[in-house]
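Work through the exercises below with the sequence and the model open. Try each task before reading its solution.

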Amino acid sequence: MDEIRYTGTWESVRQHQVPLWYEDCKFGIFIHWGPYSVPAFAPHTWELGEVEAKEFFANNPYAEWYYNSLNIGHGPTYEHHVKTYGKDFRYEDFIPMWKAEKWDPVHWAELFKEAGAKYVVLTTKHHDGFCLFPSRYTHFNSVEMGPKRDLTGDLTKAVRDTGIRMGLYYSGLIDWQYANDPICDDPDLFGNASPTFAYADYSYNQMMELVDTYAPSVFWNDIGWPKQSENAMPYFLAHYYNKVKEGVVDDRFNGLYWDFRTKEYQSGKMDRTQKWEMCRGMGLSFGYNANEGDDQLISVPDLVSLLVETVANNGNLLLNIGPRADGTIPAEQERRLKILGEWLRVNGEGIYGTRISDRESQHVENGIVLHYTQKNGNLNVFADGLGEGKNEFVISGFHGALRPFDPSLQAEIRDGEAGLKVKVLNYRKDRYIAGFTTTV
């Protein structure tokens, strides 16, 4: 089949299809790291989508939104800032304090590989406008200020050297160096965003710069695209797809285009009919929040459950890490990544490269939830909610052979009139979700 060469029209770019690698990979690492990692503060309040936007923004749990929380002029972050740093201490004054002096990009990449991640997405510019790459369009970047390193380039090389795909996040619509009226409600996301053609050109030029310099496998735009340059969007997408043959983009392009849909905590929804991605932090924040200790992060059982439920319903999990300002990853975050990697090494056959099954996730007896994937004619079954020791459940309406992915898991399988009866004899909670595979 001839290779498609895209042109800058909607008709052309809408021929693009989600590449197989993105369908297959299932699990990626998101990274939020910037000047906001110095104060590392946000109140531990709610998940996005859990409360009304006005209440959320006034008590924003996202540490990476520190600038805006400060700019609102009241609330927990503002009060903390005035008490800790003083009223005249500007957000930009944190930049010289962000040194990344202990950062080892190779260690990060090796940890991501150990965790079983197949792609990484780094925030190259968040809403504060600070760039983690040497941009020709601004001096407000990590090579000339702060860490004095091309953080994007160094991490891209380390990640690719481990065989993992590298993606880049960019805040396309919001840049508080260009327009910094406080965002207090959802309409403000677009209404108070940079309104000028100058910013539209700047944003467009930097997005092209990222594509041409780093050729990211994922281009993850955030919030939206400047209205003033919407007509340039298909040209950018065509240029990206021509430059990165297996590139993929998210859905934050003013509702005009996407390769995959996104769900963030409770905002958005999973959709079995099309590819989607679940993104969230380990706690309530993406950027490192020193208020979030081990008890405030997602538990390991819940993390494994989230991965399995997401994959079984046609999604990928993009799990965020929030490094400290010095470049170290907190031990409680590393521990979760390593345990998830151990689980995937046992059960990954039923995760990677799979597709959704006709069987939807279902609650069965004894509080057990069954999730299903399929691959190469095999039905994979994941039993969540098992209790220590012996457990029984029925895969209704299914008849066939079945084996656990974990060879140490003892199970008796019997075919009955109602379906396949599974009796697990020696379940341990440190196995988390028990996976099985069967030939259909």
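Contact here means heavy atoms within 4.5 Å. The model is predicted: local features need pLDDT of at least 70, side-chain atom pairs count only at pLDDT 80 or more, and totals for chains, interfaces and linings use all residues. Residues are numbered from 1 along each chain as its sequence is written, and side-chain values use heavy atoms, with hydrogens and water left out.

**Exercise 1. The whole chain**

Task: Describe the contacts, the secondary structure and the overall dimensions of the chain.

Solution.
- Step 1, contacts. Take the contacts between residues at least 6 apart in sequence: 69% of them join residues at least 24 apart.
- Step 2, elements. Helices (H or I, at least four residues) and strands (E, at least two) are DSSP runs, numbered from the N terminus. The chain has twelve helices and 17 strands.
- Step 3, compactness. The radius of gyration is taken over C-alpha atoms, and the globule rule is 2.2 Å times the number of residues to the power 0.38. The chain's radius of gyration is 23 Å, close to the 22 Å from the rule for 440 residues, so the chain is as compact as a globular protein of that length.
- Step 4, extent. The C-alpha trace spans about 70 × 55 × 40 Å along its principal axes.
- Step 5, burial. Buried means under 20% relative accessible area, exposed over 50%, partly exposed in between (1.4 Å probe, protein chains only). Of the 440 residues, 58% are buried.
- Step 6, surface. Accessible areas come from the Shrake-Rupley method with a 1.4 Å probe; for residues, only the protein chains shown count as cover. The chain exposes about 17800 Å², and carbon and sulfur atoms supply 48% of that.

**Exercise 2. The eight-strand sheet**

Task: Give the strand order and find which strands stand at the edges.

Solution.
- Step 1, criterion. Two strands pair if DSSP finds at least two bridges between them.
- Step 2, order. The open sheet has eight strands in the order 5-4-3-2-1-8-7-6, with parallel pairing.
- Step 3, edges. Strand 5 (248-249) and strand 6 (261-264) each have a single partner strand, so one side of each lacks a neighbour in the sheet.
- Step 4, one edge pair. Strand 4 (residues 218-222) runs parallel to strand 5, and two bridges join them. Phe219 has Val249 as its bridge partner in strand 5.

**Exercise 3. Strand 8 and its approach**

Task: Which strands are joined to strand 8 by five bridges, and how is strand 8 covered?

Solution.
- Step 1, one neighbour. Strand 1 (residues 27-31) runs parallel to strand 8, joined by five bridges. Asn320 is the bridge partner of Phe30.
- Step 2, the other neighbour. Strand 7 (residues 276-280) is also parallel to strand 8, again with five bridges. Here Cys279 stands opposite Leu318.
- Step 3, connection. From strand 7 the chain passes through helix 11 (residues 300-312) to strand 8, a right-handed β-α-β crossover. Right-handed means that, with the strands pointing away from the viewer, the path from the first strand over the helix to the second runs clockwise.
- Step 4, helix 11. Ten of its 13 residues are buried, including Leu303, Leu307 and Val311. Asn314, just after helix 11, takes a positive phi of about 80°.
- Step 5, faces. In a regular strand the side chains alternate between the two faces of the sheet. In strand 8, Gly315, Leu317, Leu319 and Ile321 lie on one side and Asn316, Leu318 and Asn320 on the other, and all are buried.
- Step 6, tally. Seven of the seven residues of strand 8 (residues 315-321) are buried.

**Exercise 4. Two positive phi values**

Task: Lys148 and Tyr432 have phi near 60°. Is each buried or exposed?

Solution.
- Step 1, Lys148. Lys148 sits in the loop between strand 2 (119-125) and helix 7 (151-161). Its relative accessible area is 53%, so Lys148 is exposed.
- Step 2, Tyr432. Tyr432 is in the loop between strand 16 (419-427) and strand 17 (434-439). Its relative accessibility is 17%, so Tyr432 counts as buried.

**Exercise 5. Two buried helix residues**

Task: What do Ile72 and Asn347 touch, leaving aside residues up to four places away in sequence?

Solution.
- Step 1, Ile72. Ile72 lies in helix 4 (residues 66-72) and is buried at 15%. Its contacts are Phe57, Ala58, Pro182, Ile183 and Cys184.
- Step 2, Asn347. Asn347 lies in helix 12 (residues 331-347) and is buried, with 4% relative accessibility. Asn347 touches Phe382, Phe405, Ile433 and Gly435.
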